[in-house]
Amino acid sequence: MTMKADDRPRWPWRCPDCGAALEEGDGGTFLPCPLPCTGCGRPFTREEGLADLRPAAAKARLQRFADEYAAVRRAEGRDAIAVADLRALPWPGPQTPLAWEWLIRAKSYETFLDHALRPRLAGGAALRALDLGAGVGWLSHRLAWEGCHALALDVCADRHVGLGAARQLVDLQGRVADDGPATGSVTLALADFNHLPLADSSVDLVIFNAALHYSPSLSTSLAEAARVLAPQGLVVVLDSPFYEDAAAGRAMAAERRAGFMKRFGFASDALGSVDYLTRGDLAQEGLAAGLRWRYLIPHHGWRWTLRRAWRRRRLGRESAAFPVALAERL
Ligand SMILES: C[S@@+](CC[C@H](N)C(=O)[O-])C[C@H]1O[C@@H](n2cnc3c(N)ncnc32)[C@H](O)[C@@H]1O
């Protein structure tokens, strides 16, 4: 990967439709937009200023998912976050919507940071990290603080609860906008993690952050992750619900869909997502993609342990766990 004078990497884009290598237009900004594909002729347009690299064949379905997803997130009050609180994530401020949830998420992030990211950064090289299902971009912002060059990809451009919100976190060169020791960068684009618009073996970290359970096919998502992963790279799954008993996962997903149907009139399942993970499924699909998993267990504290026990009793089934899953190439 070549580096420019401002040290923001030029990402090795490839066409999500035909796989041809793409030339980057608008170089020097964190919102690059590739030039038209020389393979299939597709021009790349923008939404909310973000280059749209979603696959043409799946675009209508992805957009329906994104619209429903954004409607649900807004109804949950997640759009009411101040820029200062957005910049502080995953650590919540007193005004952060759903702060209790962020307290749990911060523990997952800290576990990943201490046991996976910082040891890898200790060698001094800037890592290239893919933040898949990046949402408002908080993880990419943190990765840049740690010195990584992050590429935040999502299918949802919404300016409050989707990738559009991440524009508040970075300047025109893709540097994090607040003062501090950040040496990395953030690049933003719309893309589907099942059709990654990147060349093979081009990134050091592939991170699904609260996102892998939205996949309709673990085998496709993990094969794509493995394709773009450099030989010594790491795939990371953060904050996806894991169940030991798949029946408990299915029950959770059915309740969730019924709840959405009742409240919004749609089930918010336009992608046919798997909705939950099991270690067994991940082992099997990982093996097929040439990946082997290990797990870190964040310490969420006694309140979380009590809450899980109480939920188990109330629901009469297992409630989800949120381990940090790490995979290297076999
Ligand atoms: C629960 S949110 C997590 C957002 C963010 N990573 C975070 O931790 O707050 C899941 C995100 O995954 C995105 N997503 C779902 N399916 C996707 C796909 N196939 N490709 C890219 N993003 C996807 C959604 O649009 C959403 O922003």
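## Around the ligand

In this predicted model, 19 residues surround the ligand, and the nearest of them are Gly133, Gly135, Cys156, Asn209 and Tyr214. If you would like to find this shell in the view above, two elements are good places to start: helix 1 (59–75) and strand 6 (149–154) each contribute at least two residues to the shell.

What is the make-up of the shell by class? Nonpolar residues number 12, alongside 5 polar and 2 charged ones.

## Helix 5 against helix 7

Next, a look at one helix pair. Helix 5 covers residues 218–228 and helix 7 covers residues 279–289; the two pack with their axes 9 Å apart, at an angle of about 45°. Helix 5 is therefore oblique to helix 7, since angles from 65 to 115 degrees would count as roughly perpendicular and those under 35 as roughly parallel. The crossing of these two helices is right-handed.

Which residues make the contact? On the helix 5 side they are Leu218, Ser219, Leu222, Ala223 and Ala226, and they meet Asp281, Glu285, Gly286, Ala288 and Ala289 of helix 7. Sorted by class, this contact between helix 5 and helix 7 holds 6 nonpolar residues, 2 polar and 2 charged.

## The whole protein

Stepping back, the protein contains 8 helices and 11 strands. Its C-alpha trace spans about 55 × 45 × 40 Å along the principal axes.

How does the radius of gyration fit with a compact globule? For 330 residues, such a globule would have a value near 20 Å, and the protein's 19 Å agrees with that.

Key: Residues numbered from 1 in each chain as written. Predicted model: local features only at pLDDT ≥ 70, side-chain atom pairs only at ≥ 80, totals over all residues. Axes fitted to C-alpha atoms, helices over the stretch in contact; angles between N-to-C directions. Helix = DSSP H or I, 4+ residues; strand = E, 2+ residues; numbered from the N terminus. Parallel < 35°, antiparallel > 145°, perpendicular 65-115°, else oblique. Left-handed = near helix turned anticlockwise from the far one by under 90°. Contact = placed C-beta atoms within 7 Å. Nonpolar A, V, L, I, M, F, W, Y, C, P; charged D, E, K, R; others polar. Near = placed C-beta within 6 Å. Rg over C-alpha atoms; globule rule 2.2 N^0.38 Å.
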